[in-house]
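Work through these exercises with the sequence and the model side by side. Try each task before reading its solution.

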Amino acid sequence: MSNVIVITGASSGFGALTARALADAGHTVYAGMRETADRNAPRVREAAAYSEEHGVDLRAVELDVSSQASVDAAVAAVEAGHGRVDVLVHNAGHMVTGPAEAFTPEQLAELYDVNVLSTQRVNRAVLPGMRRRGEGLVLWVSSSSVKGGTPPYLAPYFAAKAGMDSLAVSYAAELARWGVETSIVVPGSFTSGTDHFAHSGHPADTAVEAEYGERYPGLVEQVAGKLAALAPENADVSLVSDEIARIVALPRGERPHRVHIDPVDDGSEEVSGVADRVRGEFLGRVGLDDLLTVRS
Ligand code: NDP
């Protein structure tokens, strides 16, 4: 079945690959991007060229997840054209590296906005339509850092992704009786193949950062180097986009609550396994185990 799909942050990395994988699978895919008229205009042209060359339906749409007006306009345009959004992929995100203390509170708020509040903006635009129709899939691109081994100097990003993941878990239960499914996709670290590491932000308080630099010399390079070295040779970023395409293709009701794509294996799968089991058991104890699966 061909779905109408909206992906946030689809100008690069997992988002761009996922948009192409889903378009290849025969879906109508809206690749959400910000600044489509200027900075990301080349990405818009690349998406159009891909669509043309491969005979698929991949369209860029202006969608800045930091702006409710932009989100609303994008979703309204898709719904005006097709009457629905079948699948929403929360993929947009941003990372920062540096000692936690050197980031201003405003920087943390900004990062929380891009990684967490963004999903709330898009949900509030897309979910009314899904609930009305009694079907849909919301797919969240989380991070293994949420539960796995966490090296230092990534605190604001890890905290934000944990917030996003936590929101996803609660949404899953609250959407189940509406017939709207949730899948949480958990990539491990992919240090190349996306702009994630290359575009990471830095602390505003460079004086504090320098003080930490004396006590933890070369830490950023050490962590990045070790993470890259831990990744097996076949750890290609397409593992993530292929997995998302696989989940979308599954029959309704059979989509997994959570999947891990973590070639480095930082332990997240093991810890999440316990957390998700306990969640299921506790929902049972409070008489809400019907919320573990989607109502058909
Ligand atoms: P990229 O940096 O390549 O992709 C991030 C995307 O988010 C970009 O397209 C970027 O757009 C977009 N974005 C950022 N801010 C906004 C905004 N305000 N509005 C719209 N789009 C925005 O990195 P990845 O592909 O690696 O990251 C994708 C997701 O995967 C993120 O959520 C990340 O947290 C997650 N992830 C990544 C891992 C990795 O190791 N690579 C591991 C685990 C999770 P723009 O080009 O305009 O900046």
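Which exposed residues does the face of helix 3 turned away from its buried side carry? Keep in mind that this is a predicted model.

**Exercise 1. Map the two sides of helix 3.**

Solution.
- Step 1. Find the helix. Helix 3 covers residues 68-82, 15 residues in total. From first C-alpha to last, helix 3 reaches 21 Å, close to the 21 Å expected at 1.5 Å a residue.
- Step 2. List the buried positions. They are Ser70, Val71, Ala74, Val75 and Val78.
- Step 3. Look down the axis. The buried residues of helix 3 fall within an arc of 125°, so they line one face.
- Step 4. Recall the geometry. An α-helix has 3.6 residues a turn, so residues three or four places apart point the same way.
- Step 5. Turn to the face away from the buried side. The exposed residues there are Ala69 and Ala80.
- Step 6. Find the partners of the buried residues. They pack against strand 1 (4-7), strand 2 (28-33), strand 3 (57-62) and helix 4 (105-133).
- Step 7. Check what follows. Just after helix 3 comes Gly83, with a positive phi of about 80°.

**Exercise 2. Describe the surroundings of Ser51 in helix 2.**

Solution.
- Step 1. Place the residue. Ser51 belongs to helix 2, residues 41-54.
- Step 2. Classify its accessibility. The cut-off for buried is under 20%. Ser51 has a relative accessible area of 13%, so Ser51 is buried.
- Step 3. Follow the side chain. It reaches the backbone oxygen of Val56 at 2.5 Å.
- Step 4. Set aside neighbours within four places in sequence. Ser51 is then in contact with Val56, Asp57 and Leu58.

**Exercise 3. Sort out the aromatic pairs, using two examples.**

Solution.
- Step 1. Start with the total. The structure holds 5 aromatic pairs.
- Step 2. Take one of them, Trp140 with Tyr171. Their ring centres are 5.8 Å apart, and the planes make 35°. The pair is tilted.
- Step 3. Locate both rings. Trp140 is in strand 5 (residues 136-141) and Tyr171 is in helix 5 (residues 155-176). The pair links distant parts of the chain, 31 residues apart. Both Trp140 and Tyr171 are buried.
- Step 4. Take Tyr153 with Tyr216. This pair is also tilted, at 6.2 Å centre to centre and 50° between the planes. Here 63 residues separate the partners. Tyr153 lies in the loop between strand 5 and helix 5, and Tyr216 in the loop between helix 6 (206-215) and helix 7 (219-230).
- Step 5. Compare burial. Tyr153 is buried, at 13% relative accessibility. Tyr216 is partly exposed, at 40%.
- Step 6. Extend the group. Ring pairs join Tyr153, Tyr212 and Tyr216 in a cluster.

**Exercise 4. Find what sits over the rings of Tyr50 and Trp178.**

Solution.
- Step 1. At Tyr50, Arg20 lies over the face, 5.3 Å from the ring centre.
- Step 2. At Trp178, the charged end of Arg131 sits over the ring, 4.6 Å from its centre.

**Exercise 5. Examine the positive phi values of Tyr153 and Asp265.**

Solution.
- Step 1. Read Tyr153. Its phi is near 75°, positive in a residue other than glycine.
- Step 2. Read Asp265. Its phi is positive too, about 55°, and Asp265 is not a glycine.
- Step 3. Place Asp265. This residue is in the loop between strand 7 (258-261) and helix 9 (268-285).
- Step 4. Decide on accessibility. Exposed means over 50%. Asp265 has a relative accessible area of 55%, so Asp265 is exposed.

Notes
Residues numbered from 1 in each chain as written. Predicted model: local features only at pLDDT ≥ 70, side-chain atom pairs only at ≥ 80, totals over all residues. Heavy atoms only, no water. Phe/Tyr/Trp six-rings, centres within 6.5 Å; stacked < 30°, edge-to-face > 60°. Helix = DSSP H or I, 4+ residues; strand = E, 2+ residues; numbered from the N terminus. Buried < 20%, exposed > 50% of the residue type's maximum accessible area, 1.4 Å probe, protein only. Lys NZ or Arg CZ within 6 Å of the ring centre and 35° of its normal. Expected span 1.5 Å × (residues − 1). Arc of directions from axis to C-beta. Contact = heavy atoms within 4.5 Å. Polar contact = N/O pair within 3.5 Å; in protein donor to acceptor, adjacent residues only side chain to side chain.
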